[in-house]
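Colleague: I'd like to learn how to read a model like this one, feature by feature. Can you walk me through it?

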Amino acid sequence: MNTATGATPVLPGRRVVITGVGPVTPIGIGASAFWSALLEKRSGIRRVRAFDPSQFQSQIGGEIDGLSVGDYVPKSYRKAAKIMAHDIVLAVAAAHQVITDAKLQTKCLIDRGEAQGAPNLDVTRFGANIGAGLICADLPELAEGLHSASTDGRFSFARWGTEGMNNLTPLWLLKFLPNMLACHVTIVHDAEGPSNTITCGEASSHLAIGEAFRTITRGAADVCICGGAESKANPMALLRQGLGRRLSRRNDAPEQACRPFAADRDGTVVSEGGGLVILEALEHAQKRGARIYAELVGFGAGHDAYAPAQPSAPHPEGRGCAVAMRKALKDAGIAPPQVDLVASFACGLVEHDRSEAAAIRGVLGDRAAAVPVMNVKAGIGNNGAGSGAIDFIAAVLAVHYGTVPPAFNSTPMDPACGLKVIADGPVDIRVGYAVSTAYALGGGQNAALVLKRFKE
Amino acid sequence: MMNRRVVITGMGWVTPLGHDLEGVWKRLLAGESGIAPTTIFDARTFPTQFAAEVKGFDLQRFLGPHYEPHKLCSRNAGFALAAAEMAWRDAGLNGAPTHNPEMVGVYLGGGEGPIDFDNFVAAAIAGWDPEKHELDSVRWAQVAAERLTAVKEFEQDPNCAAGHIACRFNAQGPNVNTLTACAASTQALGEAASLIRRGDADVMISGGAHSMIHPLGVTGFNRLTALSTRNDTCATASRPFDRTRDGFVLGEGAGILILEELESAKRRGARILAEIIGYGSTADAFRVTDMHEDGRGGAAAMRGALADARVQPQEIDYISAHGTGTEENDKIETLAIKTVFGDYARKVPISSVKSMFGHLIAGAGAVELITCVLAIRDGIVPPTTNYNEPDPNCDLDYVPNKSRKAAVRTCLSNSFGFGGQNDTLIVRAL
């Protein structure tokens, strides 16, 4: 379908390439810092420092130090930081990274003096599709207001309505709307094309990237900034994930706590972060001489249709994940034997990792034991809606450089998973096609993307 | 690339005016109001003390034998499930499976579930250290771990409603939730249609659901001064395009439509209600607090949808406006319509059912698209009620107060989200 101004006719079947990556993670911000950290097996997991975690079952997380929104927006926009939840700051930081990496000249870079001249793209054909989570209210801010409307620990609606709520800044609600990640990013960089906010837990980034891929393919945009971001390194999210029995209790060994596919895994680790990528129509990228990391050739999505009650369990055979992978391979026009690398989502949960492994085995069939599987959660943890984008960026770089970073906490491997996980390395592998998977830990959404080593 | 056509074969809604398709439609055409004093929580000291609540809702009555696995779902997921059940039956899909489950998907504009307010507040109050003026995360965690439960916490996740629906109808295809604020369900329907067009699915269960009628939702909108505060005359408080409008009225509910690939619908002999022919999506990229003063994003979304549908502005017989009843939206939407439609803007009937439903936020676009389909079916457009004093900035034909018979073949429906995400859909009689 055509969108935006409608001035350009639909160009069916356009090729889409990745021309920029912007990871914001506990092990590094920006493509090169992130990639080196992966190759050097660095861990960003530690005892939580942002607040005292001693009363929580899991007391560890992946935190990012010293992130300041002023480094990523024009001076005139700095005051908007006051109405940005941390999730939004992560997205705005990732946007600056990815735009810079892709050598796009947007309003933000021009205003900051980091690029000269006019934008090098048509802003009405510049779309955004940014996955977001359920943004946690700023607890201290809200607690202060609620406390002020209470007597002897009891909350009074009457006092909240007359006084308590007035302690909140008038724009309070805007800090927490999930679409504000995309809204701030589109404002700062002036992206006026199709714009969406997908909120499907850990599947959000893949669904957003997949939808942006479709948006460009059908000719509704030439360039899309897409991915996701979220922070789960806060008291509310740490508590929620704990209630769902999703977290590792290896508090005395944070760097070893997140153990995807390992036999002794005991849950995931919360973190904060995200990533955005630039998807671009091939001819648009070539015309401006952009560096091409890889080509995006397939997208598929599916649902477990299995367990609706929360906190929902994954389908034991990974049904939704298998549907998504098969659809993505079909979309890419390739058969399972052509897959050279699977970039897995697994984040160290007992049932989920096994479910994903079953899906991968089911799709790859006889070759499952031979196809390398990569995983980058060990040092990063799971931030929710931004996790998939970080995985995807790692897969893009692996395809681009022909190197797979090691999943350093994954041994001894769980025999029930039965995959060839690259646990030592890095290992050089020439990757023709790679599949990247993601799924919501609750809710049942699954998605897969297929990357291809770029050839003219 | 495939060029498949997308039709609507079933519809269902849960609204402040009732839970049945035809009864609610009659009440809309009669200009009834779904707005009354708030009962969900004690709002008597809030600046806004009224809302358009869904009344007498019983999910079990809708789901019957399928109720059990969904019984703990959040309020908005319950609305979504009920509306989906209604739509699924309306489409005649409740018999033996007619489609490959991997080609049946869900795309919702579903809101977050309401917070577990009493327990959340108890923990927050216990955790606040007034001396140190900070949150004591140790004390907070003690109380929170005792009082909060996994079910109520995870049911707040905005992807839950779409998950419940997929499980109920064994929909193993694409499953997505968008939350672009007030534009969400229009966007969901547009993207769902795109998935069918592209061949990613044959059937999509799509629309939206939301309830922000809870203490923090109303607090948030009251602090933004976005809500009407006409507490004494609340039934007539939602006044889109009227000079005396003073903000929107919060509503709740769900609207779900069954979208289907045309040939698949024909093969199974489905009744076809209308075709989705155009979708446009844009961003204002202006300010998070205000719409662009020229209405550029809204105008671009409408133009995009018209281009996608390959129809001229003069072919649009009815516009279902976003029409929230805020000073800014109604003025700027009017301007955007004039920009796109030129002289024809004065001739096309435009109305906002938010005057009766209130604003369902993420669910608004879906219930409004349903009214467009019913307008096509019955040749009548619903009114904008509570319209008494013309505003010089809003000088178009808003179908004031009384529904109107009109030959309606093609309708355009707008939804503009807080923060500047804009979406437009066009539906046409097949």
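**Domains, strands and a shared helix**

Modeller: Let's start with spacing: the centres of domain 1 of chain B and domain 2 of chain B, taken over C-alpha atoms, are 37 Å apart. Bear in mind that this is a predicted model.

Colleague: Where do those two domains of chain B lie in the sequence?

Modeller: Domain 1 of chain B comes in two pieces, 6-114 and 156-428, while domain 2 covers 117-151.

Colleague: And what does the radius of gyration say about chain B as a whole?

Modeller: You hold it against what a compact globule would give. For 430 residues that would be near 22 Å, and chain B has 21 Å, so the two agree. Along its principal axes, the C-alpha trace of chain B spans about 65 × 55 × 40 Å. Buried residues make up 67% of chain B. As for secondary structure, chain B has 14 helices and 16 strands. Among contacts in chain B with a separation of 6 or more, 80% are between residues 24 or more positions apart.

Colleague: Now strands. How do I read which way the residues point?

Modeller: The general idea is that in a regular strand the side chains alternate between the two faces of the sheet. Take β4 of chain B, residues 104-110: B:Val104, B:Val106, B:Leu108 and B:Gly110 point one way, and B:Gly105, B:Tyr107 and B:Gly109 the other.

Colleague: Are the residues on those two sides of β4(B) buried or exposed?

Modeller: They are all buried. With seven of its seven residues buried, β4(B) is therefore largely enclosed by the rest of the structure.

Colleague: Which strands does β4(B) pair with?

Modeller: It runs parallel to β8 of chain B (residues 203-211), joined by seven bridges. It also pairs in the parallel sense with β7 of chain B (residues 175-177), over three bridges. B:Tyr107 is a handy marker: its bridge partner in β8(B) is B:Ser206, and in β7(B) it is B:Val176.

Colleague: What would a strand in chain A look like by the same reading?

Modeller: Try β10 of chain A, residues 270-281, where 12 of the 12 residues are buried. One side has A:Val270, A:Glu272, A:Gly274, A:Leu276, A:Ile278 and A:Glu280, and the other side includes A:Val277 and A:Leu279.

Colleague: Which strands pair with β10(A), and in which sense?

Modeller: β9 of chain A (residues 223-231) runs antiparallel to β10(A), with nine bridges, and A:Ile225 stands opposite A:Ile278 there. β1 of chain A (residues 16-25) is antiparallel to it too, over eight bridges, with A:Ile18 opposite A:Leu279. β4 of chain A (residues 60-62) pairs in the parallel sense over two bridges, and A:Gly61 has A:Val270 as its partner.

Colleague: How should I think about a nonpolar core?

Modeller: In soluble globular proteins, nonpolar side chains tend to be buried together. Here the largest nonpolar core has 328 residues, and those with the most contacts inside it are A:Val277, A:Leu279, A:Val396, B:Ala80 and B:Ala83.

Colleague: What does A:Val277 touch?

Modeller: Leaving out residues up to four places away in sequence, its contacts include A:Ile18, A:Val98, A:Ile209, A:Cys226, A:Phe392 and A:Val396.

Colleague: How is chain A split into domains?

Modeller: Domain 1 of chain A takes 16-138 and 171-287, and domain 2 takes 299-452. Their centres, over C-alpha atoms, are 20 Å apart. The contact between them takes 60 residues from domain 1 and 57 residues from domain 2. On the domain 1 side, elements that each supply at least two residues include β1, β9 and β10 of chain A. By class, that side has 26 nonpolar, 24 polar and 10 charged residues.

Colleague: And between the chains, how many residues take part?

Modeller: 88 from chain B and 85 from chain A. The chain B side has 42 nonpolar, 32 polar and 14 charged residues.

Colleague: What covers the buried residues of helix α4 of chain B?

Modeller: Eight of the 11 residues of α4(B), residues 117-127, are buried, among them B:Phe120, B:Val121 and B:Ile125. Their cover includes α4 (139-148), β6 (150-151) and β7 (154-155) from chain A, together with β5 (128-129), β6 (134-135) and α5 (137-147) from chain B.

Note on methods:
Residues numbered from 1 in each chain as written. Chains lettered and ligands numbered in written order. Predicted model: local features only at pLDDT ≥ 70, side-chain atom pairs only at ≥ 80, totals over all residues. Buried ≥ 20, exposed ≤ 12 C-beta atoms within 10 Å, placed from the backbone. Helix = DSSP H or I, 4+ residues; strand = E, 2+ residues; numbered from the N terminus. Contact = placed C-beta atoms within 7 Å. Nonpolar A, V, L, I, M, F, W, Y, C, P; charged D, E, K, R; others polar. Rg over C-alpha atoms; globule rule 2.2 N^0.38 Å. Domains from an automatic or database assignment. Pairing = 2+ DSSP bridges. Core = buried A, V, L, I, M, F, W, Y, C linked by C-beta atoms within 7 Å.
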